[in-house]
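Q: I am new to this structure and would like a close look at a single part of it, the largest cavity, and then at what surrounds that part. Please keep the answer connected and explain each term once.

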Amino acid sequence: MDHAAASKEEQQQHQQPPHTLMSLISTDPVLDSQAQKLDHWKEAEMEPGDTTTCSPVVADEPSRCCRSPSTTDDLAATAPAPAAAADPVSSSSPSTMKPDSQETAGLAENTANPTSTLVASAVMPSACFEVDKFSIGYTPVDIRGRPLLDLSKTGGWRAAFFIFGNETAERMAFYGILVNLIFYLYYEMHINFPSTSTLVTNVIGTASLTPLLGAFLADAYLGRYYTIGIFSMIYLVGLILLTLTSVLAGTRPSNSGCGIITLYLGFCAPASTRQMAFLYVSLYTIALGSGGIRPCVSSFGADQFDIEDPKEKLHLARFFNGFYFMITLGILLSLTLVVYVSDYVSWGWGFGTLAIAMGVANIIFFMGTPFYRHRLPSGSPLTRLAQVLVASTRKRKVQVPSDESLLHEVHDKESAIVGSRKLHHVNDLRFLDKAAVETEEDKISGTPVTAWRLCTVTQVEEMKALLRVIPIWATSIVLNTVFVQILNFGAQQAMNMDRRLWGFNVPAASVPVVSAMFILLFIPLYDFLLVPFIGQYTRNPRGISYLQRTGVGLFASILAAVAAALVERKRRQVSWETRTAGDPLLTVPFSAWWLIIPFFLTGFAEVFASIGQLEFFYDQAPDGMRSMGTAFFAATSGLGAYLGSFLITVTSKITGKHGKSPWVNNVISIGHIDYYFWLLAVLSSINFIAFLYFVHIYRYKRLGHHENHNTHKIP
């Protein structure tokens, strides 16, 4: 924008009620010293009797804030002296605010300086101002949607630790259910193993797809804080219901006359329709609650670090490592403490422990409210994506100009999307650029052109960013299938293996704890030793890029599937040689700790692939779709579980023909799970090759005002 246009715009701003304080502070150095005073908006720093009220943060609607008299005189006293030549237009500003008579005299002296008038008017008694959300951009705001001018008292690790507690409890609860549910359904609900595996897989899949709903609500309307709070309570309700199924006698079938043999033969009383309905309600309530937490917690935690501050940005990579560390800690507690309580105390106390942990985590999360930084919800991302598709289809015959500066973009605001920064144009997926071409029909239209006809470059680039990550996202599905199947079948393998360790018989459900323990040990090692060492050669503060880290994990997952197949082949061979294959009550004289090898490789793959993906999806998601980006990460585990369920169903039908035993059998030694693991290894190898190709053609997004990543193709 040239100088003349800027002057004209400044005059227009003087004629309007004040809109944004951030722009004033950033453009007038005289007001730099007053930034601390404006930070008095925070309730914690207000004088007695001083109040500030703001309307709720709602996307696409202005947030109105009203200030009491306490800081008016203070701010007026520090306001700059009247300019020698006052802009005559600026005198209209006070009248637009309609101040009380007692305030008018004190404010009149400042009307000569338009900037100070705007600031003083913003905090004057019984006066209200509108925060222009389109000018705030990606600036952190408080819980009421007011810009945070002093970030030293909010965010950072101080806020992240409150968020860590919520995620640790959620993962502890989820994996505590995941590991125990197979045995609970078998021993208490009298459901056979193939059916329990399918039910658990479906619950996992649903819990990994509901994050798309939670992410949509967070990005569009509620914001991440309120979404986490609401769905955490839903999660707690589900845990309480599940606990009741294990405590109340009428919620599960009778165990009278039901022993190990009768249970194996299927002669125990089955669960009634009502009992199964109550169980389903509890499980899918938990799945729904998880959907609002998983996509928002990591994004909300990352929001506590200012990516435009070089010092805080360095902490962001460490945050994701720490975040995954806390996830794994929750898993470790579920595989040890929860499993022990369930096996040696009761199912009621086992599930009840999870409910108590979730309740405490909710309290801790809400205790951190004064320290959180928030981002403004940006409105429905699905609507914006649909607008790009409709506008580009309408203009399918329009020629895209070679000069990208001719494409439509707003220049008088931070962005046309609330809570977002501008994105630079990237020269790919050119068909979508048609949505940002301003035609003659658009120019001569007598009514304002809507986004259904003309979109900004940033809106189009949002769509492109989403489409670019989909191929890489798809390769994560097979990866998560390997994770889920190795852990699920590992617990089943351990049931008939020698689980003695230092004289203690370890529960079968706790054997996969080896994977979690390795992750807990390796993450600090990777963060504090490997990253600095590798960074010396790559000159990357993260050591290696997101996608390189993911690639290492994908390759490790192939090795994990191969190791699982080899261990199972040996276990099955020993069971037949010792004639323990057909009797589920006999222990195969083969140590369960051989499973450490595939569990070790699975943990190694998770440290690289899962954390790399989490960072990648958060970083590459547009500002207004951060929760959706992490929801994609969560959805891969769900789709991986569904793919695993599909593979089990298909292989069982094919291999179980003509009276043969299917690969996945209720009696594991009669089946051939080793063949199933080889199938996963082959699929993982094909998946890894596809990943390398998609990485080769991928291009990072480009921010409009700040340097981001190398925008060229990734080597």
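A: What follows starts at the cavity, then turns to the core, the charged pairs and a few single residues.

The model is predicted, so local features need pLDDT of at least 70 and side-chain atom pairs count only at pLDDT 80 or more, while totals for chains, interfaces and linings use all residues. Residues are numbered from 1 along each chain as its sequence is written, and side-chain values use heavy atoms, with hydrogens and water left out.

A cavity here is a set of points, on a 1 Å grid over the protein atoms alone, where a 1.4 Å probe fits but cannot get out; lining residues have an atom within 4 Å of a point. Grid points are joined across faces, edges and corners, and a volume is the space filled by probe spheres set on the points. Searching the whole structure gives six cavities of 30 Å³ or more. The largest cavity has a volume of about 650 Å³. It is lined by 38 residues, and R171, Y175, I331, L487 and E606 are the closest to its centre.

Helices (H or I, at least four residues) are DSSP runs, numbered from the N terminus. The helices that each supply at least two residues of this lining are α9, α10 (193–209), α14 (273–303), α15 (310–344), α20 (457–495), α21 (513–538), α23 (596–620) and α24 (626–655). Helix α9 gives the most to the lining, with eight residues. Sorted by class, the lining has 23 nonpolar, eleven polar and four charged residues. In this count Ala, Val, Leu, Ile, Met, Phe, Trp, Tyr, Cys and Pro are nonpolar, Asp, Glu, Lys and Arg are charged, and the others, Gly among them, are polar.

Helix α9 also matters for the count of the core. A nonpolar core is a set of buried Ala, Val, Leu, Ile, Met, Phe, Trp, Tyr and Cys residues joined through side-chain atoms within 4.5 Å. Buried means under 20% relative accessible area, exposed over 50%, and partly exposed in between (1.4 Å probe, protein chains only). The largest nonpolar core has 161 residues, and L185, L239, F319 and F616 have the most contacts inside it. Helix α9, residues 156–187, gives the most to this core, with 18 residues. Contact means heavy atoms within 4.5 Å. Not counting residues up to four places away in sequence, L185 touches H190, I191, T196, L199, V200 and L279.

R171, one of the residues closest to the centre of the largest cavity, also takes part in a charged pair. A salt bridge is a side-chain nitrogen of Lys or Arg within 4 Å of a carboxyl oxygen of Asp or Glu. E167 forms one with R171, their closest N and O atoms being 3.9 Å apart. The two residues are four apart in helix α9, so about one helical turn separates them. E167 and R171 are both buried.

The whole structure has 19 salt bridges. Another joins the side chains of D219 and R224, at 3.2 Å from N to O. D219 is buried at 4% relative accessibility, and R224 is buried at 7%. D219 and R224 belong, with D303 and R375, to a network of salt bridges. A further pair is R453 and E441, whose side chains meet at 3.4 Å, N to O. Because R453 lies in the loop between α19 (440–444) and α20 while E441 lies in helix α19, this pair ties together parts that are twelve residues apart in sequence. R453 is partly exposed, with a relative accessible area of 26%.

Two of the helices that supply the lining, α14 and α24, hold residues with contacts elsewhere in the chain. S645 lies in helix α24 and is buried, with a relative accessible area of 12%. Leaving out residues up to four places away in sequence, S645 touches T198, T201, N202 and Q485. L288 is in helix α14 and is partly exposed at 31%. With neighbours within four places in sequence set aside, L288 is in contact with T210, L213, F231 and I234. The C-alpha atoms of L288 and P211 are 8.1 Å apart, although 77 residues separate the two along the chain.

Methods
On a 1 Å grid over the protein atoms alone, a cavity is a set of points where a 1.4 Å probe fits but cannot get out, and a pocket is an open set with protein on both sides within 12 Å along at least five of seven lines; lining residues have an atom within 4 Å of a point.
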